[in-house]
Amino acid sequence: MSAQKKRTFKIEAFKHRVELDPKYAERTWKVLEHAIHEIYNHNASGLSFEELYRNAYNMVLHKYGEKLYSGLVITMSGHLKEIAKSIEDSQGGLFLEELDRKWGDHNKALQMIRDILMYMDRTFVPGNHKTPVHELGLNLWRDNIIRSGKIQTRLLDTLLDLIHRERTGEVINRSLMRNITKMLMDLGSSVYQEDFEKPFLEVSASFYSGESQQLIECCDCGEYLRKAERRLTEETERVSHYLDVKSEVKITSVVEGEMIANHMQRLVHMENSGLVNMLVDDRYEDLSRMYNLFRRVPDGLSTVRDVMTSHLRETGKQLVSDPERLKDPVDFVQHLLDEKDKYDKIISKAFNNDKSFQNALNSSFEYFINLNNRSPEFISLYVDDKLRKGLKGVSEEDVEVVLDKVMMLFRYLQEKDVFEKYYKQHLAKRLLSGKTASDDAERSMIVKLKTECGYQFTSKLEGMFTDMKTSVDTMQGFYANQYSETGDGPTLAVQVLTTGSWPTQPSAPCNLPAEILGICDKFRTYYLGTHTGRRLTWQTNMGTADIKATFGKGQKHELNVSTYQMCILMLFNSADQLTYREIEQATEIPAPDLKRCLQSLACVKGKNVLRKEPMSKDIAEDDAFYFNDKFTSKFIKVKIGTVAAQKESEPEKQETRQRVEEDRKPQIEAAIVRIMKSRRVLDHNTIVTEVTSQLQSRFLPNPVVIKKRIESLIEREFLERDKTDRKLYRYLA
């Protein structure tokens, strides 16, 4: 099939010119102009919108768009000038109502006009860069009504006056206000901001500046904050009722600035009602209000935090340095815990559990707890008090709560190794005297310490429990053996303690009574026979005894005493009267211990199985002691404790401190060697920093001590100084 020849089509312009009536444009515009007048005069019901649309369409089609557009501007402007006059003439409160009504009419008229001129809006307006009809209507309203000389100022004054009246407690027409502010927003955000919002914020700043000045003179801090909070709520509500939503941030910022930021310092330090008073009186509601208001302004929370920290450090400092408080360690620690509970509750209930406040609280406690170098000892004494049998009625959960609180204080201690020393001593006394509340509570405490400080910290404490268990098995073996045939003689219960695990000090052995020495020797023979390569040393200062005593009129009692007290009492089996020197010579008990034992046997009412002459509280070297056959007690079993200071005496404290310092030396040296082994060459300051960092979980090493340990390591050829730079150290492999 042959391809068909391609045809091309051409459309030519119509040759014949269409002649329009020269008066067509004028005549058509008159029809449209009349229609616009009718619309503004509320007579639109008689108009044919279809015919009007066609007329406007034809005018644009026949290139009369400019005439149509400019005619529209002139006609609308004329009507708006008349409307402006009518609004200006309205009296008093009718002014806003008239403005609102006319605005509604104008919007309806504008909608109809836009429908008629839709074709012009879609074709002529974009092509000639004109303003669309609706927008044009808004701009003309703005220029002829809102910004007319007489209306502009009056409108602003009326709006601001109504807001002022509402602030002072009057009820206003919020619906009308909403319509007027919406009109300003519809005219464009710049109109709302320039003609209303800007002056509104300035007037508000002035209003709240005056009010805050007035309130701060006559209100206390809590009342002032309540009023400031109420004002903020009112302004937020005002925005939601009749202002632009974007105004909320701006107006609340004005209120915050004038009522909070400008008076922060005065509020927190206000006499008798400021932040410190709120903290002291636990005013959670006021504190919460202060937190929520101050967090809204720059530096608000840091101001509250600084005042709280300063107050906390001051009260803490007084607490740890108060001589009265230091007399009772348990009471001292209880006060610390109460203070911590108090502020934990404040931070949780009032400060939204704010981490920065929690950190400030922790740093304050760490600061003042470590001001008192006896804090580690006192915390250990507190645990000792809680874990003794006196707390038997308390549930396990309550004991756990107490232990957790103690661990919290423990974390604040810089000298954790000092706490360990005391804890070991107190635990030893509890275990050996059988006064521990429960093994579970004891082990729970050790697990907590282990979690906090690692295995090394608690290994010796765990060893003490192991020894107690092993001792029970040893005693069963001893009595099952041939040595069980002790007849009516004394019964022995021995705890065999591993030297390295227990805080035993070399004590001068006292002279035990002959009856006791016999069975002790039997036990020694049995034990050394079953364990090779071991040595036994009797720690008579740590033992207890139960002895039966018969007093006047055949009255019998069982006395629970220490080993030292037993040695003293047994002397009175063969003598009715002994002097202090005779007792000292016979028993060889160290003088301080002997005096305390005699005090508890002769000077404590209800426990005085001995009589002293002359009678006084203190023991003198020329005192004489008699068996008190007139002793009576309603109990068969009488426990006679040893008079002893709960806290350490000054020499004991010095001795403990010395032992702690000695124990620290190898730890510091080990840290230095570890660091130098990995780094090979380091300067002095870096070593000090690294050692401090490694050891601070146990104690804060003194830089002077670190320097001495470095010198010692150089002497023993672990390190050497650099030949050229004396501040550098080298590790010697």
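Student: Is F378 buried or exposed?

Tutor: F378 is buried, with a relative accessible area of 1%. Bear in mind that this is a predicted model.

Student: Which ring does F378 pair with, and in what geometry?

Tutor: The partner is F332. The ring centres are 5.2 Å apart and the planes meet at 75°, so the pair is edge-to-face. That label follows because planes over 60 degrees apart count as edge-to-face.

Student: Where do F332 and F378 sit in the chain?

Tutor: F332 is in helix α17, residues 329-349, and F378 is in helix α19, residues 375-387. They are 46 residues apart, so the pair links distant parts of the chain.

Student: And F332, buried or exposed?

Tutor: F332 counts as buried, at 0% relative accessibility.

Student: How many aromatic pairs are there?

Tutor: The count comes to 23 aromatic pairs. One of them is formed by F207 and Y208, edge-to-face, with 5.0 Å centre to centre and 80° between the planes.

Student: What are the accessibilities there, F207 for a start?

Tutor: F207 has a relative accessible area of 17%. It is classed as buried because the limit is under 20%.

Student: And what about Y208?

Tutor: Y208 is at 0% relative accessibility and counts as buried.

Student: Which residues form an aromatic cluster?

Tutor: F478, F523, Y526, Y527 and W538 form one aromatic cluster.

Student: Switching to charges over rings. What lies over the face of F357?

Tutor: R305 does, at 5.8 Å from the ring centre.

Student: Which arginine lies over Y367?

Tutor: R313 lies over the face of Y367, at 4.6 Å from the ring centre.

Student: Now cysteines. How many disulfides does a search of the whole structure find?

Tutor: Zero disulfides are found in the whole structure. C520, for one, is in no disulfide, and the nearest cysteine sulfur to that of C520 belongs to C567, 9.7 Å away.

Student: What is the closest cysteine sulfur to that of C567?

Tutor: The closest is in C510, 3.8 Å from the sulfur of C567.

Student: Why is there no bond at that distance?

Tutor: The 3.8 Å between the sulfurs of C567 and C510 is too far for a bond. The reasoning needs the cut-off: a disulfide requires the two sulfur atoms to be within 2.5 Å.

Student: Are C520 and C567 buried or exposed?

Tutor: C520 is buried, with a relative accessible area of 5%. C567 is buried as well, with a value of 3%.

Definitions and conventions: Residues numbered from 1 in each chain as written. Predicted model: local features only at pLDDT ≥ 70, side-chain atom pairs only at ≥ 80, totals over all residues. Heavy atoms only, no water. Buried < 20%, exposed > 50% of the residue type's maximum accessible area, 1.4 Å probe, protein only. Phe/Tyr/Trp six-rings, centres within 6.5 Å; stacked < 30°, edge-to-face > 60°. Helix = DSSP H or I, 4+ residues; strand = E, 2+ residues; numbered from the N terminus. Lys NZ or Arg CZ within 6 Å of the ring centre and 35° of its normal.
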